[in-house]
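Here is a quick tour of a protein model for the bench. Have the sequence and the 3D view open as you read.

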Amino acid sequence: MGFKTAIIGGGGRVGSNAAFALQLGKIVREIHLIDVNADMAAGEALDLLHGASFCADQVITSGTTAEAADADVVCITAGSRRKPDESRLDLINRNVSIFKGILEDLKAANLKKDAIIFVVSNPVDVLTRLAREHLDWCPKRVIGLGTVLDTSRFCSMIADAKGLPASQVRALILGEHGDSMTPIWSSAQVGGVALTSVLSANEQRQIFERTRGSGAEVIKRKGGAGYAVGLTIAEVIHSIALDQRRVLPVSSQMSGQYGVRSVALSIPTVVGRSGVLDTYTPELWPKEVAGIRKSAQALDATWKQLG
Ligand SMILES: NC(=O)c1ccc[n+]([C@@H]2O[C@H](COP(=O)([O-])OP(=O)(O)OC[C@H]3O[C@@H](n4cnc5c(N)ncnc54)[C@H](O)[C@@H]3O)[C@@H](O)[C@H]2O)c1
């Protein structure tokens, strides 16, 4: 049997862009789109299916959460987007009740015990923790997209600002996918060369500020993120499907890394067929560690506000 991905919210922009990236990736066998707007999910699935003859031999369907029972990855992108001037944490009140309903549907679907729950909906770190606790799922098999998109944006914008090759830039964003995200300049490099020797302190500050504001910028200009988030979702799912063990800054439940417990946030994580295989805690500058701890505090404070 091939690898099956279900996308809940698959009729929306993020879910459908992720499905397209998975189609172009030609790795997963089955893509199943679920959405409360069943017509949109059916339309997106049909549009993808129409391209199958020029792309890959995949099974592309739409339907119910019950039909996701045999999924290997359940990716949740359902929920409201941010308004232009709204923080991701402000979304919580609107998205938590939608999300709890989806988790109830997943309980009823009787998922495979080794399925990976992959959360994308915002606020992603809080909803990742909620998914783990509400489903009582193994922490290693609950992953949030975390700062993977921020990291991709950061590398791409560094490359764009300096005319560097984007695929050779390696610069992490860790912590919360939100206002307290932390740039990791201590290990940032291009082709093995430290980026701190390539970029002035002022350039570093400007590029990070633009990265942190990227989500809001894209919402303001085109309504919401799509292509880049779709690519990053596919990157995580491919690492699971192929057991690639790629090191990605996904969000998962912390158990003492950098002194952080209980909350889910992003640190370098080995992602493979059984989810989180390992996490790394490289030595960071003190202000970077402080940034991650600040994210943990912000996320825990939000968690405590949940009803
Ligand atoms: N983690 C990240 O890096 C990241 C990046 C971009 C967007 N997001 C988040 O992804 C989410 C989706 O964004 P979007 O732009 O695709 O929004 P969208 O409005 O285009 O799509 C959301 C979809 O969810 C569906 N939906 C709502 N309730 C549902 C339910 N109970 N069951 C099934 N489907 C349901 C809607 O019908 C809609 O099709 C938002 O929360 C957004 O903030 C996360």
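## Overall fold

Take the contacts in the protein with a separation of 6 or more: 71% of them come from residues 24 or more positions apart. Keep in mind that this is a predicted model. The secondary structure adds up to nine helices and 14 strands.

How does the radius of gyration fit with a compact globule? For 307 residues, such a globule would come out near 19 Å, and the protein has 18 Å, so the two agree. Along the principal axes, the C-alpha atoms fill a box of roughly 50 × 45 × 35 Å. As for burial, 49% of the 307 residues count as buried.

## Two domains and where they meet

The domain assignment splits the protein into domain 1 (4–144) and domain 2 (148–305). Their centres, taken over C-alpha atoms, sit 21 Å apart. Where the two touch, 37 residues of domain 1 are in contact with 35 residues of domain 2.

Which elements give two or more residues to the domain 1 side of that contact? They are helix 1 (13–25), strand 4 (73–76), strand 5 (116–119), helix 4 (124–135) and strand 6 (142–144). Helix 1 provides the largest share, with eight residues. Sorted by class, this side of domain 1 has 21 nonpolar, six polar and ten charged residues.

## A hairpin to look at

Now find strand 11 (residues 251–255) and strand 12 (residues 261–266): they run antiparallel and are joined by four bridges. If you want a pair to click on, serine 252 in the one stands opposite leucine 265 in strand 12. The hairpin has five residues between the strands, and in it glycine 256 takes a positive phi near 110°.

## Tyrosine 280

Tyrosine 280 is in the loop between strand 14 (275–279) and helix 9 (286–305). Is this residue buried or exposed? Tyrosine 280 has 10 C-beta neighbours inside 10 Å, and a residue with 12 or fewer counts as exposed, so tyrosine 280 is exposed.

Even so, tyrosine 280 has some company from elsewhere in the chain: leaving out residues up to four places away in sequence, it touches Val247, Ile267 and Pro268. For a sense of scale, try picking valine 28 as well: tyrosine 280 and valine 28 are 252 residues apart in sequence, and their C-alpha atoms are 27 Å apart in space.

How values were computed: Residues numbered from 1 in each chain as written. Predicted model: local features only at pLDDT ≥ 70, side-chain atom pairs only at ≥ 80, totals over all residues. Buried ≥ 20, exposed ≤ 12 C-beta atoms within 10 Å, placed from the backbone. Contact = placed C-beta atoms within 7 Å. Domains from an automatic or database assignment. Nonpolar A, V, L, I, M, F, W, Y, C, P; charged D, E, K, R; others polar. Rg over C-alpha atoms; globule rule 2.2 N^0.38 Å. Pairing = 2+ DSSP bridges.
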